[in-house]
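Hi everyone, thanks for making time this morning. I'd like to walk you through one structure, so please have a look at the screen.

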Amino acid sequence: MDAFHFFATSWVSPELLGLTALGTFLGIYVGAIPGLSVTMAVSILISFTFSWDVNNALCLMVGVYMGGVYGGSRTAILLNIPGAPSAIATAMDGYPLAKKGLAGEAIGLSTVMSVIGGFVGIIVLALAAPTVSEFAITFQPRDYMMLGVLGIMLVGSLSGNSLAKGIFAGALGLLIGTVGLDPMSAEERFTFGVVDLWDGINPVAVMIGMFGVSEALHQLHHMDKAVVKQKISRIIPKLSDIKKYLPLSLQSSFIGVIVGALPGTGGDIAALMAYDHAKRTTKDPKVPFGEGAKEGLIAPESANNAAVGGAYIPMLTLGIPGDAVTAVFIGALFIHGLNPGPMLLVEQPQMFWFTVGNLTLANIFVLIFGLTGIRLFSKIVECPKGILIPLIFLLSIVGAYAINNAVIDIWWMLAFGAFGYFMRLYGFPVGPVILGVILSSLTDENWRRAILTESGSLGNFFAHIFTSPLSSVLFMSIVLIFVSQTSLWKKHLKPRLFRSK
């Protein structure tokens, strides 16, 4: 009974209810602006709310977090500019739907599935937090390294018709991600003596350039093409569509929870893995993936919102952040005199259940605010190209500068925008480049840690892979995904395995 009382605290207080609603509303529109990350927004809020009551501060920050993760899908669908890395996979099929005049339907469907994913993450947090956190801490550096490799194997799902071009693009992304000071030894890598490269190349600047600027340059070839009128007759998805896609949404949500609970991962990796899962498990989609498949929209949106609940699990039960935002939340909890970790559930169970209730409330506000303003937002796509293309450039420049308030990020954004334009021109996919940049540090750092723990012995490294059940499963998954992308699998093995009886 006490748990329910703490759960409902923010629901029955008009002040807490209003702060949660305000935070969610602001989060959606902050998340929709490229470069204005949720991490940045929550960090700024700490300086404004450190003197507030702890419940008031957490309500506002939780609302911004939930709203911001969802908000990145808006510009991903409408302009092909992901508002956050977790919306990269959303743009793959969301933007083609908008180009077909189905922006309203795409946003409505992504909203409902995002909320379903959010609820799955919250339910797992409430019911299985200790169990999931115990599973998360069993991950060794070699497991994180293999998780990164597993993510890199998703390049096949993002490569379009040419796996070779996709591998090249993914390798290029890995190379870009290694630029800067070595995280282990602080030695310079690919900096060529340029001090501005010591901090590396910001992945968000690469993302904005590759998706936003390259798209704007590509649209210059179609200035005379008629504007596609958006069909906004129905925003709330049909019940039949929700039932049809619910199994995929639930599967993707569980992927999101598990990946989100792993420290140092987050919604971006969860969304990409869910997209790959949808592509592999969906038989005969009505529309091919990459051309407006609804499955390609539903899977990442369910996963990245479910990852929010997953990221809270290690934060509240172990005191270990699941992603960058929960790392900031840990700082906020310490400022307010709380100590997240194993003793939180014992000494202050009210904070655990208050957080669960507040996340649930914020998720409901995501549904309410997510289904409003769609008609106005969809008008962006109907703007004449003479207005829309400069708008994309303006948003891209503002977003790139907002990352670190540094002009160098604008130059990188423009450079990668031009490079992405030529990649598109010659049939190279840009998605794998971003995938490589995101996964580069996870793979590189944990590979180095794994080898150090084995005293530099590759023999011991592989021996421990096969003596650990978790490592063995990850290794076999990598092998199976690699084999499934070869011509041998497509021509011989797959037809035999899936031959109808």
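I'll talk about the annotated membrane spans, then the cavities, and finish with a patch on the surface. Please keep in mind that this is a predicted model.

Let's begin with the record. An unreviewed UniProt entry carries the annotation "transmembrane region" for residues 20–46, 106–132, 320–339, 351–374, 386–404, 410–440 and 461–483. What does the chain do over two of those spans? Residues 351–374 are 88% helix and 0% strand, with the end C-alpha atoms 35 Å apart. Residues 410–440 come out at 84% helix and 0% strand, and there the end C-alpha atoms are 22 Å apart.

Now, let's go inside. How many cavities of 30 Å³ or more does the structure hold? There are 3, and the largest has about 50 Å³ of space. Its lining is made up of Leu 58, Val 62, Tyr 312, Met 315, Leu 316, Phe 329, Leu 333 and Thr 355. Which helices supply at least two of the lining residues each? They are H5 (54–79), H13 (294–318) and H14 (324–335). H13 gives the largest share, with 3 residues.

Last stop, the surface. Leu 175, Phe 190, Phe 192 and Val 194 together make a nonpolar patch of about 440 Å². Let me pick out Val 194, which sits in the loop between strand S2 (188–189) and helix H10 (203–219). Is Val 194 buried, partly exposed or exposed? Its relative accessibility is 37%, so Val 194 counts as partly exposed.

That's my tour, and I'm happy to go back to any part of it.

Conventions. Residues numbered from 1 in each chain as written. Predicted model: local features only at pLDDT ≥ 70, side-chain atom pairs only at ≥ 80, totals over all residues. Heavy atoms only, no water. Patch = residues over 30% accessible without salt bridge, like charges linked within 9 Å, V, L, I, M, F, W, Y side chains within 5 Å. Areas by Shrake-Rupley, 256 points an atom, 1.4 Å probe, with all protein chains shown as cover. Salt bridge = Lys/Arg side-chain N within 4 Å of Asp/Glu carboxyl O. Helix = DSSP H or I, 4+ residues; strand = E, 2+ residues; numbered from the N terminus. Buried < 20%, exposed > 50% of the residue type's maximum accessible area, 1.4 Å probe, protein only. UniProt positions renumbered as here; feature names shortened; annotations may be inferred. 1 Å grid on protein atoms, 1.4 Å probe; cavity = no way out; pocket = protein on both sides within 12 Å on 5 of 7 lines; lining within 4 Å. Points joined across faces, edges and corners; volume = space filled by probe spheres on them.
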